[in-house]
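Q: Could you take me on a close look at how the helices pack in this protein? I would also be glad to hear about whatever else is worth seeing along the way.

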Amino acid sequence: MRGLDRSATIYLETFGCQMNVLDSQLVESQLRGLGYRFIDDWRAADVVLYNTCSVRDHAEHKVYSRIGEVGQHKRRNEDTVLGVVGCMAEREGAAMLARYPQIDLLCGPGELDKLPLLIDNMLRTDLARRTRRRRENVALQGNTHRRSGTLAAAEDRLEMVDLARSFSPDEHHGSAYVRITRGCNKFCSYCVVPQTRGAEVHRPPDTIVDECRQLVEAGVVEITLLGQTVNHYHFDDTAAVSVDGVRQPQVGGSAIRSPNLPGTSFAELLARIHDEVPDLQRLRFVTSFPRDFGDDILETIRTRPRICRYLHLPVQSASNRILRLMNRGYTVEQYEDLLVRIRRTLPDAEIASDLICGFPSETEEDHAATRDLLRRSGFKNCFIFKYSPRPGTSAHEKMEDDVPEAVKRRRNNELLEIQNGVSRAIHERYVGRTVPVFVESVSRRAEKSRNTADPSVTVGWESAQSTTQMCGRTGGDLIVMFDGEPGQIGSIVDVQIEQAAPLALFGQLAGAPVVP
Ligand code: SF4
């Protein structure tokens, strides 16, 4: 038996969306506060944690492969604790433990507040007892729905994970995520999120504004508000419940939002953060649901210059029949009306979208409609995926995955080709302009050439002009590569754009000497 050991080392790897990235940051912050150390080498770690994603088959397969590797490792290092947290733990639960006995703990996204306790228990429990305890630990998945359903009247322990976040300047590079909404009530027929993350729950606005203020005081320049359907945010202050002086999150409805509802709307929350945290330089939000995007939000963005002109609005298909099967709750005409409203109010905004090709029963005619929409919509980029059925969703249960893989692949490639042309045209409009860029990192190309000491190495679309090529984003979320220095990470610099490619812009720091 190892005994209580909070100097133990943890390796944490994250798969999936920004929500998972934030969950991992909050978990790490909690565990660091308890004395655990995080390391980059999983083979040397006492605890290996995978924060998982179930949205696509591909993401799950990566995790299975990691679990297999750790299983081999545990044959020689049997004290290593393997934990699977996040959406796969929630979706698969006991079945996963039965198939992979090397897993010691499972923890769904609705139970992350209990993760430190679980890890402590595991480190204190000898291997034989640990094996017997697995059945007990399965109880930590499957609770998302129950917890969310009773939140209005009970303490929301998950909220404590957000409230306990660390604001240390060492733990960010000038940007941070802030969760405003958890879960989703939309039940799109292909999506596991309502099952894995539970019902929609909105955090109190005062708590969110306060968190943003503390992050900015700790040096954060850019905040991204997160929600599965972020614009559905609504908090009814008149119905707020407090437990021990802490205002509790509220369960959301599934109805279309009216700006006249009492309480704080998403537009009002944006305005409050912008106005009450004046030193915040950039405010972003993802992901928006097209059905609930009111003019009040557009007007708030228009009148507040530090809210980024960037909207991510997944359309998924341009066939109304397919949208109905997907249970998206809007028509393509309503979606395009939203694009018109955005461009009228925010002519400088960039819009990104998502598309699924090869959804059950998708015909060539449906696909042609999607191709046409892609040509005329002017998305700065579009995440295009081949449909893959996810167990537990209504599409998986009720619809036949009847579009052959080769057809899905062809449709996917056709859409990608169209989007490449659209993205290039949008990027070309920026050539010759000087744009403010939030510097995120050394580019992958520069990072790789540092590691390989071979400056000729290139990765994908990145150029091989400099070993200090930096990567950042405009307010409209366009990726910009420029020659700079790592000390600029976390700041906003002006970059003169010189070249455009489908995936990125290339430029020089404004005012930098011109090299012939
Ligand atoms: S809106 Fe639809 S696709 Fe997005 S998280 Fe909710 S159910 Fe999933």
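A: Happy to; here is a walk through two helix pairs, then a small sheet and the surroundings of the ligand. Please keep in mind that this is a predicted model.

Let's start with helix α11, which covers residues 266-276, and helix α12, which covers residues 295-302. Their axes lie 8 Å apart, and the helices pack at an angle of about 15 degrees. Angles under 35 degrees count as roughly parallel, so α11 is roughly parallel to α12. The crossing of this pair, α11 and α12, is left-handed. If you want to find the contact on your screen, look on α11 for F266, A267, L270 and A271. These meet D296, I297, T300 and I301 in α12. By character, the residues where α11 touches α12 divide into six nonpolar, one polar and one charged.

Now move along the chain to helix α15 (residues 364-377) and helix α17 (residues 405-428). Here the axes come within 9 Å and cross at roughly 15 degrees. That angle makes α15 roughly parallel to α17. The crossing of α15 and α17 is right-handed. From α15, the contact draws on E364, H367, T370, R371, L374 and R375. From α17, the residues taking part are V407, R410, R411, E414, L415, I418, Q419 and V422. This contact between α15 and α17 divides into five nonpolar, three polar and six charged residues.

Next, the sheet. Three strands form an open sheet, in the order β7-β8-β13, with antiparallel pairing. The edge strands are β7 (181-182) and β13 (250-251), each of which pairs on one side only. Strand β8, residues 201-202, runs antiparallel to β13 and is joined to β13 by two bridges. For a handy landmark, find V201, which stands opposite V251 in β13.

Finally, the ligand. Its surroundings include a run of residues you can pick out by number: C184, K186, F187, C188, Y190, C191, V193 and P194 are among them. Q228, T229, F289 and R328 also belong to the residues that surround the ligand. Taken by character, the shell around the ligand divides into eight nonpolar, two polar and two charged residues.

Terms used
Residues are numbered from 1 along each chain as its sequence is written. This is a predicted model: local features need pLDDT of at least 70, side-chain atom pairs count only at pLDDT 80 or more; totals for chains, interfaces and linings use all residues. Side-chain values use heavy atoms; hydrogens and water are left out. Axes are lines fitted to C-alpha atoms, for helices over the stretch in contact, and angles run from 0 to 180 degrees between N-to-C directions. Helices (H or I, at least four residues) and strands (E, at least two) are DSSP runs, numbered from the N terminus. Angles under 35 degrees count as roughly parallel, over 145 as roughly antiparallel, 65 to 115 as roughly perpendicular and the rest as oblique. A crossing is left-handed if the near helix is turned anticlockwise from the far one by less than a right angle, and right-handed if clockwise. Contact means heavy atoms within 4.5 Å. Ala, Val, Leu, Ile, Met, Phe, Trp, Tyr, Cys and Pro count as nonpolar, Asp, Glu, Lys and Arg as charged, and the others, Gly among them, as polar. Two strands pair if DSSP finds at least two bridges between them. A residue is near a molecule or strand if one of its heavy atoms lies within 4 Å of it.
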